[in-house]
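Good morning, and thank you for making time for this item. I should like to take the group through one structure, beginning with the overall fold and ending with individual residues.

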Amino acid sequence: MHTDDFTADHARLLAQGVQFLEEPRHESYGRVAVFQDLYGNKWDLLQLES
């Protein structure tokens, strides 16, 4: 899931009870954290570096 404001969206998802499987991390392409939806599917919350 692409975002333009990683910090705000990460905080909002946490507040809504979304289960993140890792702490946010920086990669060469941007900031990312893996979370799980209600059905066990894994998603990346991703903000690309500009």
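What follows is a short tour of the chain, its core, its aromatic rings and a few selected residues.

Please keep in mind throughout that this is a predicted model.

Let me begin with the architecture. The protein chain contains 1 helix and 4 strands. Read from the start of the sequence, these elements follow the order α-β-β-β-β. The C-alpha trace spans about 30 × 20 × 15 Å along its principal axes. How does the radius of gyration of the protein chain stand against that of a compact globule with 50 residues? A compact globule of that length would have a radius of gyration near 10 Å, and the protein chain has 10 Å, so the two agree.

Turning to the surface, the protein chain exposes about 3700 Å², and carbon and sulfur atoms supply 50% of that area. Of the 50 residues, 22% count as buried. As for contacts with a separation of 6 or more, residues 24 or more positions apart account for 28% of them.

I now come to the interior. Which residues make up the largest nonpolar core? This core has 6 residues, namely Phe6, Leu13, Phe20, Ala33, Phe35 and Leu45. Helix 1 and strand 3 are the elements that give two or more residues to this core.

Two of these core residues, Phe20 and Phe35, also take part in the aromatic pairing. A search of the whole structure finds 2 aromatic pairs. One of them joins Phe20 and Phe35, whose rings are tilted, with 5.5 Å from centre to centre and 50 degrees between the planes. This pair links distant parts of the chain: Phe20 belongs to strand 1, residues 19–20, while Phe35 belongs to strand 3, residues 30–36, and the two are 15 residues apart. Both Phe20 and Phe35 are buried.

The other pair is formed by Phe35 and Trp43, and here the rings are stacked, at 6.4 Å centre to centre with 15 degrees between the planes. Is each partner in this pair buried or partly exposed? Phe35 has a relative accessible area of 6%, below the 20% cut-off, and therefore counts as buried. Trp43 has a relative accessible area of 40%, which lies between the 20% and 50% cut-offs, so Trp43 counts as partly exposed. Taken together, Phe20, Phe35 and Trp43 form one aromatic cluster.

Phe35 has further contacts beyond these rings. Setting aside residues up to four places away in sequence, Phe35 touches Met1, Val18, Gln19, Phe20, Leu21, Asn41, Lys42, Trp43, Asp44 and Leu45.

Next, the helix. His10 is located in helix 1. With a relative accessible area of 14%, this histidine is buried. Apart from its neighbours within four places in sequence, His10 is in contact with Phe20, Pro24 and Leu45. Of these contacts, Phe20 and Leu45 are also members of the largest nonpolar core.

Let me move to the beginning of the chain, where two residues deserve a comment. His2 lies in the segment before helix 1, the helix that covers residues 6–15. The relative accessible area of His2 is 51%, and because exposed means over 50%, His2 counts as exposed. Leaving out residues up to four places away in sequence, His2 touches Leu46 and Leu48. The C-alpha atoms of His2 and Val32 are separated by 9.5 Å, with these positions 30 residues apart along the chain.

Thr3 is likewise found in the segment before helix 1. Is Thr3 buried or exposed? At 3% relative accessibility, Thr3 counts as buried. The side chain of Thr3 reaches the backbone nitrogen of Asp5 at 3.0 Å. Outside the window of four places in sequence, Thr3 touches Asp9, Leu45, Leu46 and Gln47. Leu46 thus appears in the contact lists of both His2 and Thr3.

The last residue for today is Gln16, placed in the loop between helix 1 and strand 1. Gln16 is exposed, with a relative accessible area of 55%. The C-alpha atoms of Gln16 and Val34, 18 residues apart along the chain, are separated by 16 Å.

To close, I would return to the cluster of Phe20, Phe35 and Trp43, in which Phe20 and Phe35 are buried and Trp43 is partly exposed. Thank you for your attention.

Key: Residues numbered from 1 in each chain as written. Predicted model: local features only at pLDDT ≥ 70, side-chain atom pairs only at ≥ 80, totals over all residues. Heavy atoms only, no water. Phe/Tyr/Trp six-rings, centres within 6.5 Å; stacked < 30°, edge-to-face > 60°. Buried < 20%, exposed > 50% of the residue type's maximum accessible area, 1.4 Å probe, protein only. Contact = heavy atoms within 4.5 Å. Polar contact = N/O pair within 3.5 Å; in protein donor to acceptor, adjacent residues only side chain to side chain. Rg over C-alpha atoms; globule rule 2.2 N^0.38 Å. Areas by Shrake-Rupley, 256 points an atom, 1.4 Å probe, with all protein chains shown as cover. Core = buried A, V, L, I, M, F, W, Y, C linked by side-chain atoms within 4.5 Å.
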